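Please look at the model below and follow how parts of one chain are arranged. The text starts with a pair of helices and then turns to domains.

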Amino acid sequence: MDGSLATPAPVRDDALLRATRRRRLASRLLAHAALLLGVAIVAFPIWMTLVGSTHDAGTIGRGDVPLLPGSHAAENYATAWNEGGGRTRTTPASVMLWNSLLMAVLIAVGKITISILSAYAVVFFRFPGRMIAFWAIFITLMLPVEVRIIPTFQVIVDLNLGNSWTGLVVPLIASATATLLFRQFFLTIPDEFVEAAKMDGAGPLRFLRDVVLPLSLTNIAALFVILFIYGWNQYLWPLLIINDRSMETIVVGLSKMIGRGDSQNDWNTIMATAVLALLPPVLVVALMQRWFVRGLTETEK
Amino acid sequence: MQKKVFFRGRLLPLVLLAPQLAVTVVFFFWPAGQAILQSTMREDAFGFSREFVGLENFREVLEDPAWVNAALNSFVFSALVAGLALGLALFLAVQADKSLRGATVYRSLLIWPYAVAPAVAAVLWLFLFQPQVGLIGRGLNAIGIAWDYRLNGGQAMTLIVIAAAWKQLAYNFIFFLAGLQSIPASVLEAAAIDGARPTRRFWTVIFPLLSPTTFFLLVVNLTYAFFETFGIIHALTGGGPAKATETLIYKVYVDGVENLNLGQSSAQSVILMIIVIALTAIQFRAVEKKVHY
Amino acid sequence: MRRRHLAAGALALATLVSVPLAVRAQQPVELQFWHGLNQPLGGMLEQLATDFNATQSTYKVVPSFRGSYAETVVAAIAAFRSSTAPHIVQMFEVGTGTMMSAGRAVKPLHEILAETGVAIDPRDFIGPVAGYYAAADGRMMAMPFNSSTAIAYYNKDMFQRAGLDPNAFPATWQGVEDAARKLKAAGIACPMTTSWPSWIMVEQLLAIHDVPLASRSNGFEGLNTELNLANPVLTRHLTNLVNWQKDGLFRYGGRDTAAEALFPTGECAISFMSSGSRARVTREARFNWGVAMLPYYQGAEGAPRNSIIGGAALWTMNRGPNAQRSPQELRGVAEFFRYISSPAVMAKWHQDTGYVPVTRSAYEVTKAAGYYQQNAGADVPIEQMLRGGDPTANSRGIRLGGFIEIRNIIQEEMERAFQGGATPEAALANANTRGNQVLRNFERTNRNN
């Protein structure tokens, strides 16, 4: 791609060339300026959150939020980590972070596992009801959890799964997207591989373990990044089914700290908690950027 | 597309499918059926008495000015979020595409808000726009704009649009940039030789080539604004003031959970399901056309 | 969670096998108690449970915070439907109508007392409290606990700066308006605000003026009640509030408790808030402040009389639709109730929190200890609640089904009026129509309970 774009347009005369160059330079400078402004806009709220998490409650409460960090970072983070903040000072951020981590990992692993298994069954086997099963799964893609949230909540109540990890995680791990992705990928595995495996006398489960899974590793990694973020950021579902404070996740816990647009909050601890809440998924994106972009562009297409 | 070679066996594939199917049936088909059943019932909060009322819940929901208002809010909100997030992302992607060397750096700097949960994004923006505490909120009041999103519906809507669009910007940027970078250089050169001005070139050549990406993103953005922004609204405005920011999903939640009106909440869920299914069908047809084209 | 259950089960099994009967009998009966009180109040409430557990070894009350009152209600109902309801749930006063119609989900207090033989004298509860939680026949349904009422808080320093008498808060709304104008003239940006817009500016206002909020004695006489929001007193008051807001005398600070912070931070000079906010103001305010009774309109007939209660009561729930409580569990609940309503404990709770003493004996104990002399204004809430003798049909309380939703509707329509999106008359008429729909719906679904 580099080479092709660098190829200059055919030259007609020098003056035109110079004019074009000048225009390109100006356009590039403009581009950089615009992008830097874009980055600034994107980063500004986060910067202010970081700043907010380093001042004492009084400074923020009076409305004198400075643009530069203050000196109270250690105590704010310690309060958030050990005690929690806001008026519902009941769940420490350390507990909520652990809950979020557990939820995100369970959802990601669960989704990937059951999707691989079902995609494998649909692609590598012929059996009656295959297409019905496939469509049954595919149809879940259409209805976001949010649309059927109350009846799903009722089902959880009927099954007595409120305030349980099962109730929190399992309804979210049905995944048409991941199943479709794996199906597409499995279809690209050459038939010869299957034939060779059969000649070696390898059964379907060994073929899955020794051939399909190793081939899928990149896909799994990419998907894991996306699904981890999906899981971490869940809001409505945990809000509904968790009311035991020891199972609070950090995203829900954070929003409960602010009393709906209310100014009495301990903004310093809330901002420290906000930083803690956004750090893990942002780190995952930053550190695994290649997989993330790949996972994103592939799951959605 | 199908494989020509496959394994034999009937039990094993069913066992492999079982977990996914079980979850789908228990947490998708059962609740969906439950919603349909409950939408024809009237029930008290404790579940003691049930009365079959036919389509009455639907009639009441559709006649309810509050529901119509929520539908209108959803529409305005989604259009604004999608417009803002798509427009800004396209602009930035075009700029990033110009400087090939910087593109990946800018991408790294612009994509991470994707990882921020909507509800957390809400808290970040609240901290800026809070009238008494927030930097921008105080600034606006200082220059004479009476900023108080707790009382002014338009301002409340502005705030949730900004928070929602901010989070979605990253996603759109990634796709627009990928789309731009996959346009063959030869096409761009040909356009350059024709001597068209850059702006004109963009709208006549590049933008049409991006249209599959744009259409896809439009659908994703609308879905996002419709369904995934609950956290933003819940954390920022609670649907207020005076229902100015109550969307359809938020109303389902308020009626079902806070007001304990299961019948009408279910009827709303069913209506939403129908809307989603219709939209998905339209989307598939549109995509099919694109593929043939 | 499940693992914990499994572990607990295994433990229980091991206990069964290895421990002799006599020891097992000493295992305390656990009583789940869900509450909706934030800190610092939540901690004080949990301390009560700890203290009760220390007084005996047969029962163990296990308190757990379940979010806001509204969230606690939702959680308790969901738990009941899956047969895991807590023994005791703290329910705010707007949920009273819902709980009264909850049939066998609730175990009425009078039944518990009759069955267990534990004595709590219902006549000891002060009038407006007992009335609020009594069934039509006068028998108590729930255990009154943290009842509050609304009062005025004012910043004495600001009053002084504006040339007002810091020791006399105006008794009438006319007086409040004059004071607010002087405060504004003295450069105070926010002369007055209110928390709980519906509870204080609508429900309390009507009770004080002896005007019904709804027909059938505010809903006490049956579910076939209709709202009476478009009445002259309320229309006059909302019109005033809207005009005062335009003139910069009043600031709308949001729903429920959202405006509460405006007072202790020293932003607003006057704020109408729950008496239960006293603990917070004491802790946070860095200025001289005072409290006073809610104002009334001079010349309005029947005014002023007693204000009504807010806060919450403790309801005893059955475990599920087909699961009753054992006599032993009920006995434990009754013992706990007797403990928290004993004069010394209730008096301390009242003094620590600012909630009203729900029993006369706790009031007497507090008075005798000289508490009100040392803490000027701490008796304003109870004096206001006892004002005018026995409550009338309009000041006994409010018993509406779906009241949580109705209160939200009232707040929404008030917001519409404050925004200028509707005239006060139109907003009230709209709230009336929408609220009546909720009432009809509730009447229909709860006819048979």
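In this predicted model, helix α10 (residues 197-208) of chain C packs against helix α19 (residues 403-419) of chain C at an angle of about 90 degrees, and their axes are 9 Å apart. Angles of 65 to 115 degrees count as roughly perpendicular, and α10(C) and α19(C) are therefore roughly perpendicular to each other. On the α10(C) side, the contact is made by Pro197(C), Ser198(C) and Val202(C). These meet Arg407(C), Ile410(C), Gln411(C) and Met414(C) in α19(C). Sorted by class, the residues in this contact of α10(C) with α19(C) are four nonpolar, two polar and one charged.

The next level is the domains. In the domain assignment, chain C has domain 1 (23-147 + 310-368) and domain 2 (150-307 + 392-446). Taken over C-alpha atoms, the centres of domain 1 of chain C and domain 2 of chain C are separated by 28 Å. The contact takes 22 residues from domain 1 of chain C, and 21 residues come from domain 2 of chain C.

Which elements supply the side of domain 1 of chain C that touches domain 2 of chain C? At least two residues each come from α5 (96-100), α7 (127-132), β11 (310-317) and α15 (343-353) of chain C. Of these, α5(C) gives the most to that side of domain 1 of chain C, with four residues. By class, the residues on the side of domain 1 of chain C that touches domain 2 of chain C are ten nonpolar, eleven polar and one charged.

Key:
Residues numbered from 1 in each chain as written. Chains lettered and ligands numbered in written order. Predicted model: local features only at pLDDT ≥ 70, side-chain atom pairs only at ≥ 80, totals over all residues. Axes fitted to C-alpha atoms, helices over the stretch in contact; angles between N-to-C directions. Parallel < 35°, antiparallel > 145°, perpendicular 65-115°, else oblique. Contact = placed C-beta atoms within 7 Å. Nonpolar A, V, L, I, M, F, W, Y, C, P; charged D, E, K, R; others polar. Domains from an automatic or database assignment.
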